[in-house]
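Hi there,

Here is the structure I promised to pass on. Have a look at it first, and my notes follow below.

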Amino acid sequence: MSALFNFQSLLLVILLLICTATYAHQVVPAIMNRNRHGILGIFWKAARIGERLSPYVSICCIIMAFSLFTQ
């Protein structure tokens, strides 16, 4: 089943996108800041979400880990 049709998998994909974009922005900020507009702007926005809401993102990661572990 595709991740688009399963709500829990969709949330997991979004959470992983936020975490990956935040890490990539910490490693190479010049590439992320140069591509603020267009389709690559999604990664810049996800990195901003990860930087500003990092406690909430980490709590969501823990919750998703436990929910996947109990399945």
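Thr22 counts as buried, since its relative accessibility is 15% in this predicted model. Thr22 is part of helix 1, and leaving aside residues up to four places away in sequence, it touches Ala46, Ala47, Gly50 and Glu51.

Thr22 has company on that helix. The buried residues of helix 1 are Leu15, Ile18, Ala21, Thr22 and His25. Looking down the axis of helix 1, you will find these buried residues within an arc of 130°, so they line one face of the helix. A reminder that helps here: an α-helix has 3.6 residues a turn, so residues three or four places apart point the same way.

What covers that buried side? The cover includes helix 2 (29-34), helix 3 (41-52) and helix 4 (54-69). The face of helix 1 turned away from the buried side carries the exposed residues Thr20, Tyr23 and Val27. Thr20, for instance, has a relative accessible area of 52%, and because the cut-off for exposed is over 50%, Thr20 counts as exposed. You may also like a distance for Thr20: from C-alpha to C-alpha, Thr20 lies 22 Å from Phe5, and the two are 15 residues apart in sequence.

As for its dimensions, helix 1 has 21 residues and spans 30 Å from its first C-alpha to its last, close to the 30 Å expected at 1.5 Å a residue.

His25 deserves a paragraph of its own. This histidine sits in helix 1, which runs over residues 7-27, and His25 is buried, with a relative accessible area of 9%. Which side chain does His25 meet in a polar contact of 2.7 Å? That partner is the side chain of Glu51. Not counting residues up to four places away in sequence, His25 touches Met32, Asn33, Ala47, Arg48 and Glu51. Two of these names, Ala47 and Glu51, you have already met in the list for Thr22.

Now to the cysteines. How many disulfides does the structure hold? The number is zero. For Cys60, the closest cysteine sulfur is that of Cys61, and at 7.2 Å it is too far for a bond. Cys61 is in no disulfide either, with the nearest cysteine sulfur, that of Cys19, 3.7 Å away. That pair misses out because a disulfide needs the two sulfur atoms within 2.5 Å. Both Cys60 and Cys61 are partly exposed, Cys60 with a relative accessible area of 38% and Cys61 with one of 28%.

Finally, the chain as a whole. It has four helices and zero strands, and read along the sequence it follows the pattern α-α-α-α. The C-alpha atoms fill a box of roughly 40 × 25 × 15 Å along the principal axes. Of the 71 residues in the chain, 18% are buried. The accessible surface comes to about 5500 Å², and 73% of that belongs to carbon and sulfur atoms. Among contacts between residues at least 6 apart in sequence, 57% join residues at least 24 apart.

If you open the model in your viewer, I would begin with helix 1 and its buried face, then go on to the contact between His25 and Glu51.

Best wishes

Technical notes. Residues numbered from 1 in each chain as written. Predicted model: local features only at pLDDT ≥ 70, side-chain atom pairs only at ≥ 80, totals over all residues. Heavy atoms only, no water. Helix = DSSP H or I, 4+ residues; strand = E, 2+ residues; numbered from the N terminus. Buried < 20%, exposed > 50% of the residue type's maximum accessible area, 1.4 Å probe, protein only. Polar contact = N/O pair within 3.5 Å; in protein donor to acceptor, adjacent residues only side chain to side chain. Contact = heavy atoms within 4.5 Å. Areas by Shrake-Rupley, 256 points an atom, 1.4 Å probe, with all protein chains shown as cover. Expected span 1.5 Å × (residues − 1). Arc of directions from axis to C-beta.
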